[in-house]
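Me: I am new to this structure and would like a close look at a single part of it, the sheet, together with what lies around it. Please take me through it slowly.

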Amino acid sequence: MTQAEAQIELVRARAYRIPTDAPEADGTFQWDATVLVIAQVQAGGTLGLGYTYSDACIVGLIQGALARAIDHREVFDIPGCWHAMQRVVRNLGREGLAASAISAVDVALWDLKAKLLERPLAQVLGQLREAVPIYGSGGFTNYTDGQLHQQLEGWIEREGCRWVKMKVGSEPQRDPHRVDVARRAIGGHGLFVDANGAYSVKDALQLAHAFAQNQVLWFEEPVSSDDLQGLSLLRRLAPAAMEIAAGEYGYTSDYFRRMLSAGAIDVQQADATRCGGITGWLQVASLCEAHHIDLSGHCAPSLHLHAGCAAPRCRHLEWFHDHVRIEQLLFDGAPVPKNGLIRPDLSRPGLGLEFKEHDAERYQL
């Protein structure tokens, strides 16, 4: 039996709850921990690694229905596995938790394929670039002005980021002041804001013009991502130098097709831990190519890196505070930025990541 004919022997999953280093909040939510769900797929004596940031309840779905759906399939038949998993969750609903579970398994399948081929995943996918730019992301709404200044300034000084992003929306009346604090922290570097859908259309439009006084280049989810009409209106009426971005809550290609067809965004975001893994993320990349819209990877930078190197219109990846901290803590091989770029280690097969199970034990649920 060749490597391509090797059959899937095992699918397993585990969940870990990792506390944040301090309480965090955005325009619509607050939290003090992040749940990491690890998926592993074995074939040909080799183990593939995938993961998502979701809820521990999907462990049972991964080890149950999804494992049965791909059991004994040929390991290189990733499209067949992906569609089999999509079919088995039909009556559960393909979005939300089910999509996150499928995403983790799909990533593990791609990691496994590249490992069996003894090649880095970027090369298996068709590498177009050696490195991908990142932007620092955090700036939570519960931070003091001092914390905000220190974090944003740090990404520029340590990682060499060209852009940084902060959260807005918890207290709209304070947001122009907080944006002014951020601008003073980063000098002439690019500034992004993310409202997580907290504003009304009228408030978002008013604040867009206020933020423009501090050269804000990117306004993410000024209103709910489900309000395509509102996003489209803001895209037309916002200052010309300000881009509208959204898409992190997309789970299916239909969602992204509708958003792109509506002309709702200047930059499409997509999260491979939610939208069907590497397979789903590359589907979004194809839609972006067809619509002449750039793609930005949402969070989980270690997971998006190889796919980002292969997607033609990938602009950058989000260097999100929580996920960076977790990935550098629990994954050997997590990328380290240099001059605002991260690059895959082409000496390591697959994603180039190894999960530190012993270090993670204290967080396991």
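Reply: In this predicted model, Ile18 has its bridge partner in strand 2, and that partner is Thr34. The pair belongs to a longer seam, since strand 1 and strand 2, the latter covering residues 30–43, run antiparallel and are joined by 13 bridges. In general, the strands of a sheet pair through backbone hydrogen bonds, in either a parallel or an antiparallel way.

Stepping back from that seam, one finds an open sheet of 3 strands in the order 1-2-3, with antiparallel pairing. Strand 1 (8–25) and strand 3 (46–53) are at the edges, and because each has a single partner strand, one side of each is left without a neighbour in the sheet. From one strand to the next, the twist averages 20°.

The sheet also has a helix against it: helix 3, made of residues 97–116, lies across strand 1, strand 2 and strand 3, and runs at about 150° to strand 3.

A good residue from which to look outward is Leu36. Leaving aside residues up to four places away in sequence, Leu36 touches Arg14, Ala15, Tyr16 and Ile18, as well as Tyr51, Thr52 and Tyr53, and its contacts also include Ile326, Leu330, Phe331 and Phe355. Leu36 is, with Ile62 and Phe219, one of the residues with the most contacts inside the largest nonpolar core, which has 118 residues. Helix 3 supplies the largest share of this core, namely 12 residues. A second core, separate from that one, has 6 residues, among them Trp163, Trp218, Ala245 and Val267. As a general background, nonpolar side chains tend to be buried together in soluble globular proteins.

Beyond the sheet, burial can be followed into helix 11, residues 301–310, which is mostly covered, with 10 of its 10 residues buried. The buried residues of helix 11 include Leu303, His304, Leu305, His306 and Cys309. Cys309 counts as buried because its relative accessibility is 0%, and its sulfur is 7.9 Å from the closest cysteine sulfur, that of Cys314, which is too far for a bond.

The structure as a whole holds 0 disulfides. Cys275 is likewise in no disulfide, the nearest cysteine sulfur, in Cys288, being 10 Å away. With a relative accessibility of 4%, Cys275 also counts as buried, because the limit for that word is under 20%.

Definitions and conventions
Residues are numbered from 1 along each chain as its sequence is written. This is a predicted model: local features need pLDDT of at least 70, side-chain atom pairs count only at pLDDT 80 or more; totals for chains, interfaces and linings use all residues. Side-chain values use heavy atoms; hydrogens and water are left out. Two strands pair if DSSP finds at least two bridges between them. Helices (H or I, at least four residues) and strands (E, at least two) are DSSP runs, numbered from the N terminus. Axes are lines fitted to C-alpha atoms, for helices over the stretch in contact, and angles run from 0 to 180 degrees between N-to-C directions. Contact means heavy atoms within 4.5 Å. A disulfide is a pair of cysteine sulfur atoms within 2.5 Å. Buried means under 20% relative accessible area, exposed over 50%, partly exposed in between (1.4 Å probe, protein chains only). A nonpolar core is a set of buried Ala, Val, Leu, Ile, Met, Phe, Trp, Tyr and Cys residues joined through side-chain atoms within 4.5 Å.
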